[in-house]
Amino acid sequence: MSATPEEREQVEARVGPEPTGEPEFQPYHHPAAGWGAANSVTRFMVREGALVDGPRAIMRMNHENTGFDCPGCAWPDDTKGLHLDICENGIKHVTWEMTRKRVDRAFFAAHSVTELAGWSDYELENQGRLTEPMVYDPDTDHYAPISWKEAFELVGRTLHALDSPHRAAYYTSGRLGNEATFLYQLMARELGTNNLPDCSNMCHEASGRALKASLGTGKGTVDLKDWETTDALFILGVNAASNAPRMLTALAEAYHRGAQVVHVNPLVEAAATRTIIPHDFKDMATLHATRTSTLNLQPRIGGDMALVRGMAKAILEQSSADPKALDPEFIERHTAGFEEYRALCEATSWEDIEHQSGIGRADILKVARVYREADRSIVSWCLGVTQHEHGVDTVREIVNLLLLRGNLGREGAGPSPVRGHSNVQGNRTCGIDHRPTAEFLDRLAEVCGIDPPREHGLDTVRTIEAMLRGEVKVFVGMGGNFALAAPDTPVTYEALRACELTVQVSTKLNRSHVVHGRQALILPCLGRTEKDQQRKGLQSTSVEDSMSMVHLSAGMKRPASAHLLSEPAIVAGMARAALPDSETPWEWYVEDYDRIRDTMARALDGFEDFNRRVRLPLGFRIKQPARELVFLTPSGRAEFSTAELPDVVPAPGTLALGTMRSHDQWNTTIYSDNDRYRGIKNLRTLVFMNEDDMRERGVEKFDPVDITSTARDGSRRRLHGYLAIPYDIPRGCAAGYMPEMNVLCALGDYSTQSDQPIMKHLRVTIAPAA
């Protein structure tokens, strides 16, 4: 492919802000959250001028159905009526959205796109909220104002001119509400395509496919009450203190009641040590920290599957002397393939398990004993498990372990993937799926009166490939920052620039607005915190959290501009322009979102009586068949899997590198160049390394190094001059920040099991900078 050269250098545009001083590194030994979080939030609100709006938002965020849902992570709302169910990153995310800064027509008149392309991503977003629709003018290299009517007509004309509906792709970010999501997928399918790539294609696609294969449902089976009653929590590949900070409350409460809390991660993150919960005023006053783990294990990158296999092997070996180690009645009544799995575990040697996991047998037996002695166990995981070639097999191995002791279909037990963005799971539930089932399409056709296409559409990676080949000519991004979030950054840029039209629905300026097609539109939308006034009054939207609870979100603040439209209104405007003869009542839907929900109630399984149930306290939970021990698999049972262990040990001279967020970051939004929980200040272009690996390469702390990845096709990608940081990470492993390191992940380096880019398992060499 022409866009994959022999060697690709880093993208030079800076992501974070200009450093305020020299780089610093001092290992962090304090509790997670606590006064560190409180001080950070206060400084952030002062910097953003939000000392009035910030506290108001704090009192309205995550409050049943009377406030707005945090636009950050997808952790469930507290079930006990907590009035400050908030976290540091959630407050920063909301304050960032509520900024008083504005990006208006005068701003775009003063700055060309070429100039803006040279700005850092922090600088772009820090300009403030977008205020009106803009269109790119190639003659002046500036964005210029355009009316909503003209913008929608441009979208409609361009889509009409395509020789196939498959020439367009409709991307979705996780923050999109359920009602807009349903209209968006309806528009795409009425136009005739299932090209609905989304951020799940890069994050938890492996989880959905694995759970579907093992249990017949693509979601976890537990809820927050299960977390509150379980005897043992196993947390794999999760940096909770930064990515799901409200989980800290659940971890601290579990420790208090005597539950075992085991963290499995190549890095011992702050959430795996101690915490002070900010809304626990007594602990804050006395600086009393609570432990958040009873055991920490550090497998090599990609070694989780071998570790879990080792736990299962230990349980099976113990069962010969102690039949209670297994749940034979559950296995007999509800599973298929047990004997084959037992034979596989017996055939897998302890030497191979230790070698591939990077964990000694004694520690594996220790964690297996924790699992064996717990009556009820939950296994939770995030991208540290999924963003690998073998991500699907690893999640299925987790399910295997749960099935051995009947940890499914009862309180306090089951699989619990930790979704990232606030409504990424709701997006998939409400139809954003490039591989929809026939049953879903049949129901959509019956309820909505359309003839949806039946062939599979394009996911994220294949959308980029199709744009490069000129097969996808229109890209619509509903939220997010696709240019910066996707793999192989220069190639993604080239793909977007090859489009005839790119449309970005956004709240703030970002990289995807300055890396655009020959024609480009910026369509600014309301934020989650803002009031949504439509013809029938103020509207609420619904979101689904990572544990399948659906609840309403209602904004509290006057919109940043009178020219902003809601996401449902923008979708409806594009749909009417592209489908002028459509019988879908797009405008009628937007007048009153209850009308959308009434249609969703008839079209989506689990959404029956939607409008009444979503207004209940805390909303409602979508029914999960596997939780009721109903398995929609070919056998009608939970399926044991029998995958061989992959070889994840780096070749001599190479390292396995995983990308991750810093603490002061949310997805591609960077708040500062600091990473408090890892002890970093004024630095993002770094690589965390094991000290022995550094010595072997003649590298010392803060030495500049070159990082080179080698893709499956033999092509190479390089980052130059990154600073090496000695860190507690296993030999043969390294880590650094996304999105800067996305350039190292070749477009073709995606899992053959899930099609996810393998951003947590890149094969690299690191050497002193040339």
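The largest nonpolar core of this structure, which is a predicted model, has 62 residues, and those with the most contacts inside this core are Tyr 170 and Met 574. Helix H8, covering residues 178-191, gives the largest share of this core, namely eight residues. A second core, separate from the largest one, has 55 residues and includes Ala 314, Val 395, Leu 401 and Leu 403.

Tyr 170 can be followed further through its surroundings. When its neighbours within four places in sequence are left aside, Tyr 170 is in contact with Leu 159, Tyr 184, Met 187, Ala 188, Leu 191, Thr 193, Asn 195, Leu 196, Pro 197 and Val 476.

The text now turns to empty space inside the model. Rolling a probe the size of a water molecule over the atoms shows where such space is left. The structure holds six cavities of 30 Å³ or more, and the second largest cavity has a volume of about 120 Å³. The lining of the second largest cavity is made up of 13 residues, and Trp 75, Asp 78, Leu 224, Arg 246 and Thr 249 are those that lie nearest its centre. The table gives the make-up of this lining by residue class.

| Class in the lining of the second largest cavity | Number of residues |
|---|---|
| Nonpolar | five residues |
| Polar | two residues |
| Charged | six residues |

Two helices, H10 (224-229) and H12 (247-256), each supply at least two residues of the lining of the second largest cavity, and the largest share of that lining, three residues, comes from H12.

Helix H12 deserves a description of its own. Of the 10 residues in H12, seven are buried, and the helix is thus mostly covered. The buried residues of H12 are Met 247, Leu 248, Thr 249, Ala 250, Leu 251, Ala 252 and Ala 254; Thr 249 is also one of the residues that lie nearest the centre of the second largest cavity. Just after H12, Gly 258 takes a positive phi of about 95 degrees.

Another residue to consider is Thr 386, which has its place in helix H19, made up of residues 383-386. Is Thr 386 buried or exposed? Thr 386 counts as buried because its relative accessibility is 0%, whereas the cut-off for buried is under 20% relative accessible area. Leaving aside neighbours within four places in sequence, Thr 386 is in contact with Cys 203, His 204, Ala 206, Ser 207, Trp 381, Gly 391 and Gln 756.

Conventions. Residues numbered from 1 in each chain as written. Predicted model: local features only at pLDDT ≥ 70, side-chain atom pairs only at ≥ 80, totals over all residues. Heavy atoms only, no water. Helix = DSSP H or I, 4+ residues; strand = E, 2+ residues; numbered from the N terminus. Buried < 20%, exposed > 50% of the residue type's maximum accessible area, 1.4 Å probe, protein only. Contact = heavy atoms within 4.5 Å. 1 Å grid on protein atoms, 1.4 Å probe; cavity = no way out; pocket = protein on both sides within 12 Å on 5 of 7 lines; lining within 4 Å. Points joined across faces, edges and corners; volume = space filled by probe spheres on them. Nonpolar A, V, L, I, M, F, W, Y, C, P; charged D, E, K, R; others polar. Core = buried A, V, L, I, M, F, W, Y, C linked by side-chain atoms within 4.5 Å.
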